[in-house]
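Got a minute to go through some labels with me? I'd like to hear the reasoning behind each one.

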Amino acid sequence: MSYTCEERDLVVIGAGPAGLCAALEAVSHKCDPLVLDENHRGGGQLLKQVHKFFGSHHHGAGKRGFQIGEELVEKCEEKQVEIRLNSLAAAFFQDGSILVRDPKKIYLLKSKATIIATGAVEKPLAFPGWTLPGVMGAGGAQTLMNVHRVLPGRRIAMVGSGNVGLIVAYQLVQAGASIACIIEVDDKVKGYQVHRDKLRKLGIKILLRHRVVRAEGDDCVRAVLVEDMQTGRVFRYKVDGICLAVGMSPLVELPLMRGCELEYNLRLGGWVVRHDENMRTSCPNVYVAGDVSGVEEASIAMEEGRLAGISACVDLGLIAKGKAQNKRKEILERLRELRAISGKEVGEDQRSSEERNLTV
Amino acid sequence: MYIYEHPILGKINKSPKVTIYINGRPHEGYLGEPVASALWAAGVRAYKLTKRFHEPRGPFCFIGRCTDCEVEIDGIPRVKACVTPVKEGMSIRVPDL
Amino acid sequence: MKRKYILIDCFQDIPCNPCEEICPHKAIEVGSPITRTPRYYEERCDGCAKCVAVCPGLCIYLVEEEEGSDKMTITLPYEFLPLPRKGELASVLDYNGREVGQGIVKRVKNTKSENGTALISVEVSRAIGLAARNILIRKTDDSEPELVEGERESFTDFQICRCEEVLLSELRTLAKMGIVFAPNLRRFSRVGLGLCQGKACSELMFSELSNITGMTVGELGHPKARPPVRPIKLRELFG
Ligand SMILES: Cc1cc2nc3c(=O)[nH]c(=O)nc-3n(C[C@H](O)[C@H](O)[C@H](O)COP(=O)(O)OP(=O)(O)OC[C@H]3O[C@@H](n4cnc5c(N)ncnc54)[C@H](O)[C@@H]3O)c2cc1C
Ligand code: SF4
Ligand code: SF4
Ligand code: FES
């Protein structure tokens, strides 16, 4: 048995919108990036999204999430970007080497520059019965129905009314399930009004100021008990599934292992990797992009990917600083516009889940 | 239950049907899909019993992160069902409840 | 005289403008910044319904009405199966999903250019016309929830760590003994030391610790990461 050590100029970890855009930016500067993803397909979160995205034409608005993902993958193929699927970056050591596992082997990679675009992971919510089969993350339910084409349940309760909760509830109805209720502890719906209205126009109720008391069942979920926090009354909804959508937190394990500094930001999902405007982390030649640098939207992830790609190429000596500066300015301008909204209290899954307790 | 028709994704487009054995009984699955989705489609909800409380568990994340979907496949214990592709004739053992 | 116009239920500042971009006659304007709500200029609109199909919020409706007629036709975006058939009677729902009457399906358009959002045109009476927002997709089980007595007072224990099966009460007991420093609490309770590498339960533990100590999660110190990020079995390492 021997461990080979391959050397690359640029390794991108994660083939979501951020990682793919970073790679595309890099090839445009004559860099030859290697993209790793543990999934069997590229596209990241986009793969599971069957709804049409907001944004402008620049980010594929009006198209469905999976279509935007497929287009990005196609573009990468056109430009002959090497994407290794089923390849988990299992560790990122302080000396800068990356341990990769694919179904056949385990090997070490050495890269001069590394862009981490591993996205985010769902936050949990614990209550009696949350370990019963049938209680699952909203992302898990999405993978099951939209990727593998299996119905998660016939009648489902959704916990959380952020955009993810609203969108996944709607997608469950599209797949053929019904929604018993959407449970929200806050006194207002967290997600966008138009996402809320899609459910409202189907007659689906969002229970505000309500909380989960417990899930009931023997070998799997049979019912959920929900408390109206204003009256103290508890109701039992018969369901065969409970989906949790109480926010996402950045998947920071690899940057942490590498030694990148983190910073705590409630609005962006908790612990995020500290980075400058150009996506450089506190470690030289390590960059972040997308949800791992703060949970936002796909359009923002794409722009951040481009920025990280430019920064890596500048540091590798592939682009002149002046040229990079002009490109960056355009991107930063677009990011500012996209974020113009974030000062307002809409569409936030993140804050709501932090303010409430994650346990009951 | 498989979603054969989807308003956005259209007809199911999965690779050929194969037979898998769940606790010895034949069920159909699609070649290459994760064992976890084939089991879910077959109505299995409890994939393992936990060590301490011996309570049933089923998939939580479906992307290989939570380890709640471990089953016995062809005699090998504790294999994550959500990241293991289905093969013809596979034999899967789950708790008999 | 025939009149065609759209209704837009888009009232919130969100970063979105496909309606503006697709309209061939500049009848919808979002402008800059992209977060502005759309404005509509009926005099430029020819009723092509392109915006109805493209809107990611599914919140644009086309209305066709004729002077003197007590009927009007509403074209709505629809993303469910089965699709209604032409000539069929459909239950019409309002903004709150309540049934307000019946309508006759006049057209069903679902070509490639709609990209999965079918356009359903329903003829309804003028009385309910402007309220129509949807048609009933299927009869679902909407059984009422049942009131449960005496639930609130009882504390039921539950696991805070799925892998190591640590109970919340156990974590609280340790914390009461003064073990509130996260690494120590982790060692004693085993929360976060399971196979999932603490992805879920660490967050729960920090949330509980913040309750107990009154410190914010940010002040409690950040999580730790150990390689590998997902368990690798020894047999894989040594092949
Ligand atoms: C239900 C839902 C609806 C959404 N709707 C919208 C919307 O309408 N509009 C919008 O703009 N945004 C939307 N988003 C947000 C958007 O999907 C994300 O912001 C975006 O996908 C983030 O991109 P990313 O590249 O940072 O991460 P991801 O898309 O999460 O990609 C990360 C990739 O990294 C891989 N990875 C992780 N760890 C490793 C590792 N160790 N080794 C190898 N690979 C690894 C993962 O497999 C994954 O493919 C939605 C999100 C959800 C969950
Ligand atoms: S119906 Fe056609 S013309 Fe009228 S606003 Fe919509 S896209 Fe423009
Ligand atoms: S496309 Fe729809 S959701 Fe987007 S701005 Fe226009 S009306 Fe609003
Ligand atoms: S369902 Fe989480 S690891 Fe398989």
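Q: Let's start with A:Arg8. Why is A:Arg8 called buried?
A: This is a predicted model, so everything here is computed from predicted coordinates. The relative accessible area of A:Arg8 is 12%, and buried means under 20%, so A:Arg8 gets the label buried.

Q: And A:Asp32, what makes that one partly exposed?
A: A:Asp32 has a relative accessible area of 45%. Partly exposed is the range between under 20% and over 50%, so A:Asp32 counts as partly exposed.

Q: How do you know that A:Asp32 and A:Arg8 form a salt bridge?
A: Their closest N and O atoms are 3.7 Å apart. The rule wants a side-chain nitrogen of Lys or Arg within 4 Å of a carboxyl oxygen of Asp or Glu, so the pair passes.

Q: Which parts does that pair tie together?
A: A:Asp32 lies in the loop between helix H1 (17–28) and strand S2 (33–36) of chain A, while A:Arg8 lies in strand S1 (residues 5–13) of chain A, so the pair ties together parts that are 24 residues apart in sequence.

Q: Why is the bridge between A:Asp315 and A:Arg280 called a salt bridge?
A: The N to O distance between these side chains is 2.8 Å. The cut-off is 4 Å, so the pair qualifies as a salt bridge.

Q: What parts of chain A does this one tie together?
A: A:Asp315 sits in helix H7 (residues 298–315) of chain A and A:Arg280 in the loop between strand S18 (270–273) and strand S19 (286–288) of chain A, so the pair links parts 35 residues apart in sequence.

Q: Are those two partners buried or partly exposed?
A: A:Asp315 has 34% relative accessibility and A:Arg280 has 23%. Buried needs under 20% and exposed over 50%, so A:Asp315 counts as partly exposed, and A:Arg280 counts as partly exposed too.

Q: What makes A:Glu6, A:Arg8, A:Asp32, A:Glu82 and A:Arg84 one network?
A: Salt bridges that share partners join these residues.

Q: What about A:Lys105 and A:Asp102, how do you know that they meet in a salt bridge?
A: Their side chains are 3.0 Å apart, N to O, against a limit of 4 Å, so the label holds. A:Lys105 is partly exposed at 45% relative accessibility, while A:Asp102 is buried, with a relative accessible area of 13%.

Q: How many salt bridges turn up in the whole structure?
A: The search finds 53 over all chains.

Q: On to the chain contacts. What makes C:Glu79 and A:Arg64 a salt bridge?
A: The N to O distance is 2.9 Å, and the rule asks for within 4 Å, so this pair counts. Across the interface of chain A and chain C the rule finds 6 salt bridges.

Q: Why is that pair called a polar contact as well?
A: The side chains of A:Arg64 and C:Glu79 are joined at 2.9 Å. A polar contact needs N or O atoms within 3.5 Å, so the pair earns this label too.

Q: Where is A:Arg64, and is A:Arg64 buried or exposed?
A: A:Arg64 is placed in the loop between S2 and helix H2 (65–78) of chain A. With 0% relative accessibility and a limit of under 20%, A:Arg64 counts as buried. The residues touched by A:Arg64 include B:Ile8, C:Asn115 and C:Thr117.

Q: What does the contact of chain A with chain C add up to?
A: There are 78 residues from chain A and 78 residues from chain C. The buried area is about 6900 Å², with carbon and sulfur atoms giving 58%.

Q: How do you know that strand S14 of chain A pairs with strand S10 of chain C?
A: The two strands, residues 234–238 and 146–148, are joined by 3 bridges and run antiparallel. Pairing takes at least two bridges, so they pair. A:Val234 has C:Val148 as its bridge partner.

Q: What makes B:Asp68 and C:Arg162 a salt bridge?
A: Their closest N and O atoms are 2.6 Å apart, and the cut-off is 4 Å, so the pair is counted. The count between chain B and chain C is 2 salt bridges, and the area buried there is about 1600 Å².

Methods: Residues are numbered from 1 along each chain as its sequence is written. Chains are lettered from A and ligands numbered from 1 in the order in which they are written. This is a predicted model: local features need pLDDT of at least 70, side-chain atom pairs count only at pLDDT 80 or more; totals for chains, interfaces and linings use all residues. Side-chain values use heavy atoms; hydrogens and water are left out. Contact means heavy atoms within 4.5 Å. Buried area is the accessible area (1.4 Å probe) that two parts lose on being put together, summed over both. Helices (H or I, at least four residues) and strands (E, at least two) are DSSP runs, numbered from the N terminus. Buried means under 20% relative accessible area, exposed over 50%, partly exposed in between (1.4 Å probe, protein chains only). A polar contact is a pair of N or O atoms within 3.5 Å; within protein, one must be able to donate a hydrogen and the other to accept it, and residues adjacent in sequence count only if both atoms are side-chain atoms. Lists of a residue's contacts leave out its neighbours within four places in sequence.
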